[in-house]
Structure formats: structure tokens, C-alpha cells
Amino acid sequence: MLKLQPPISGPEEHAQRGFATVYYAYFDLVWRILRRLGVPYDQLEDAAQDVFLVLHRRLPGLDPQISLRSWLFGTARRVASDFRRGLRRHERRIQAFAVVHTHQPRERVAERAEAADFVQRFLDSLDNDKRMVFILADLEGFTAPEISQALDVKLNTVYSRLRAARAEFERAIAETERADGRQAAWNR
């Protein structure tokens with residue numbers, strides 16, 4: 001005989017409703033973070049699901065003082081590390097960062113793909129500490145205090161790593177332009 005469960009009420013109901021709200025509000029952020037951290041495209045859905053399974057388990061006891069974006073980033077970082085483990089470097093490359101719209105001219109699609117490939121090669125060249133700060137600040141729009149909390153490092157360390165990563169990015173662009181003898185398509 002099938003036994004019906006009583007409806008969820010109290011703190012459990014709040015956590016359930018809170019989870020759905022957080023899921024819809026932050027899924028795109030988690031997906032982008034996982035993608036930029038090198039999770040292969042065909043494994044992104046599984047990795048994102050893992051992040052939100054952890055959130056579902058921990059949301060009722062999560063400290064409200066903690067930035068949810070920072071917490072999700074930390075969880076996504078650990079999940080991405082698990083998914084990347086054992087893969088060769090070229091398997092981690094991003095095929096494209098942006099959604100390609102079919103109404104764009106072919107030249108524009110090629111330029112976006114070239115830019116995405118350049119950014120991924122640049123990210124792969126950075127040490128992990130600078131890479132994390134660069135992704136969060138310049139690609140995801142986190143504030144320095146949020147990054148400090150997410151990475152559990154001092155605020156001045158965040159600023160230092162970000163400054164160094166941005167300088168390396170500018171050098172990489174200059175080197176690419178020098179090697180190609182032209183201004184890069186993404187830098188016009």
C-alpha cells in the first residue's frame with residue numbers, strides 16, 4: 001500500500017522554496033564558472049547538477065552572512081576540479097564562450113570563436129591562483145571582497161593577483177598582435 005507523505009512545512013518548506021529560487025537565479029553563473037574552469041562541454045550538465053545537489057543538501061544550514069555567489073563558486077571550483085582530474089590539457093579547451101547566433105555574419109562568428117580560443121589559452125597559461133581571480137573578477141563580475149571570501153584569501157592578495165593577471169592578459173594580446181602582424185579581431 002502506498003503511504004502518502006505529509007506536505008513539507010516549516011524550515012524544510014522554506015529551504016525547498018529557497019532552493020528553487022537560488023537554482024533559477026544562479027544556474028547560468030554556475031554553468032559559466034564550470035565551463036571556464038575547464039569542465040568539458042559534454043559534462044557541464046552533470047557538473048552543474050553536482051553543485052546544486054551540494055547546495056540542496058546544505059542550504060538549510062547555510063550561514064546567511066556568507067555570500068551565496070562566493071559559496072557557489074567555491075563549490076563549483078571543487079566540482080570542476082573533480083571533473084578535470086585525469087583529463088589531458090587539450091580536452092579542457094573551450095569550444096566557444098558565447099552562444100553563437102545564426103544571424104551573425106560568418107566573419108563575426110569566426111572572430112568570436114578566435115577570441116574565445118585566445119581567452120581559453122590565456123586562462124590555461126595562468127597559474128591557478130591568478131586564473132581563479134581573473135575569472136571571477138573580469139569574466140563573472142565578482143567584487144574583490146566576494147573573491148576574497150570565495151577563495152579564502154586576503155583582500156590585498158586578490159588585488160595583487162588581479163593586477164598581475166590583467167598585466168599578463170595585456171602582454172598576451174600584444175604578443176598575439178605582434179605575431180599576427182595585425183590587431184586581433186577581438187581587440188578592434
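Is W31 buried, partly exposed or exposed? Its relative accessible area is 25%, so W31 is partly exposed. The limit for buried is under 20%, and exposed begins over 50%. Keep those two cut-offs in mind for the tour. Keep in mind, too, that this is a predicted model.

Start with the overall plan. The chain holds seven helices and zero strands. Read from the N terminus, its elements run α-α-α-α-α-α-α. Of its 188 residues, 39% count as buried. Now look at how the chain meets itself. Take the contacts between residues at least 6 apart in sequence. Of these, 66% join residues at least 24 apart.

Next comes the interior. The largest nonpolar core has 47 residues. Five of them touch the most other members: L34, L55, L72, F73 and I147. Which elements give two or more residues to this core? They are α1 (11-36), α2 (44-58), α3 (68-84), α4 (106-125), α5, α6 and α7 (155-180). The most comes from α3, which gives eight residues.

So turn to α3 itself. This helix has 17 residues. From its first C-alpha to its last it reaches 24 Å, close to the 24 Å expected at 1.5 Å a residue. Why can α3 be called largely enclosed by the rest of the structure? Because twelve of its 17 residues are buried. Among them are L68, W71, L72, F73, V79 and F83. The buried set is not just nonpolar names on your screen: S70, T75 and R84 are in it as well.

Pick out F73 and follow its contacts. Leaving aside residues up to four places away in sequence, F73 touches I33, L37, M132, L136, F142, A150 and L151. Two of those partners, M132 and L136, are buried residues of α5.

That leads to α5, which covers residues 128-139. It has twelve residues and spans 15 Å from first C-alpha to last, close to the expected 16 Å. Its buried residues are K130, R131, M132, V133, F134, I135, L136 and A137. Look at both ends of this helix. At the start, a side-chain oxygen of D127 comes to within 3.1 Å of the backbone nitrogen of D129. Just after the helix, G141 takes a positive phi of about 75°.

Move along the chain to α6, residues 144-151, where E146 is found. Is E146 buried or exposed? With a relative accessible area of 19%, E146 is buried. The limit is under 20%. Its side chain makes a polar contact of 3.1 Å with the side chain of R69. The E146 side chain also reaches the backbone nitrogen of T143, at 3.0 Å. Beyond residues up to four places away in sequence, E146 touches S67, R69 and S70. R69 has another partner. The charged end of R69 sits over the ring of F142, 4.1 Å from the ring centre. F142 is also one of the residues that F73 touches.

Now for the aromatic rings. The structure holds twelve aromatic pairs. A pair of aromatic rings is described by the distance of the centres and the angle of the planes. Take Y23 and Y24. Their ring centres are 5.4 Å apart and their planes stand at 85°, so the pair is edge-to-face. How do these two tyrosines sit relative to the surface? Y23 counts as partly exposed, at 28% relative accessibility. Y24 counts as exposed, at 69%.

W31 has a ring partner as well. W31 and Y41 form an edge-to-face pair, with 6.2 Å from centre to centre and 90° between the planes. This pair links distant parts of the chain, ten residues apart: W31 is in helix α1, while Y41 is in the loop between α1 and α2.

Finish with an aromatic cluster. F19, Y23, Y24, F27 and F52 form one such group. F27 lies in helix α1. At a relative accessible area of 24%, F27 is partly exposed. How far apart are F27 and F52 in sequence and in space? They are 25 residues apart in sequence and 8.5 Å apart in space, C-alpha to C-alpha. F27 touches F52, along with V22 and A48, when residues up to four places away in sequence are not counted.

Notes
Residues are numbered from 1 along each chain as its sequence is written. This is a predicted model: local features need pLDDT of at least 70, side-chain atom pairs count only at pLDDT 80 or more; totals for chains, interfaces and linings use all residues. Side-chain values use heavy atoms; hydrogens and water are left out. Helices (H or I, at least four residues) and strands (E, at least two) are DSSP runs, numbered from the N terminus. Buried means under 20% relative accessible area, exposed over 50%, partly exposed in between (1.4 Å probe, protein chains only). A polar contact is a pair of N or O atoms within 3.5 Å; within protein, one must be able to donate a hydrogen and the other to accept it, and residues adjacent in sequence count only if both atoms are side-chain atoms. Contact means heavy atoms within 4.5 Å. The expected span of a helix is 1.5 Å times one less than its number of residues. A nonpolar core is a set of buried Ala, Val, Leu, Ile, Met, Phe, Trp, Tyr and Cys residues joined through side-chain atoms within 4.5 Å. Rings of Phe, Tyr and Trp (its six-membered ring) pair if their centres lie within 6.5 Å; planes under 30 degrees apart count as stacked, over 60 as edge-to-face and the rest as tilted. A charge sits over a ring if NZ of Lys or CZ of Arg is within 6 Å of the ring centre and within 35 degrees of the ring normal.
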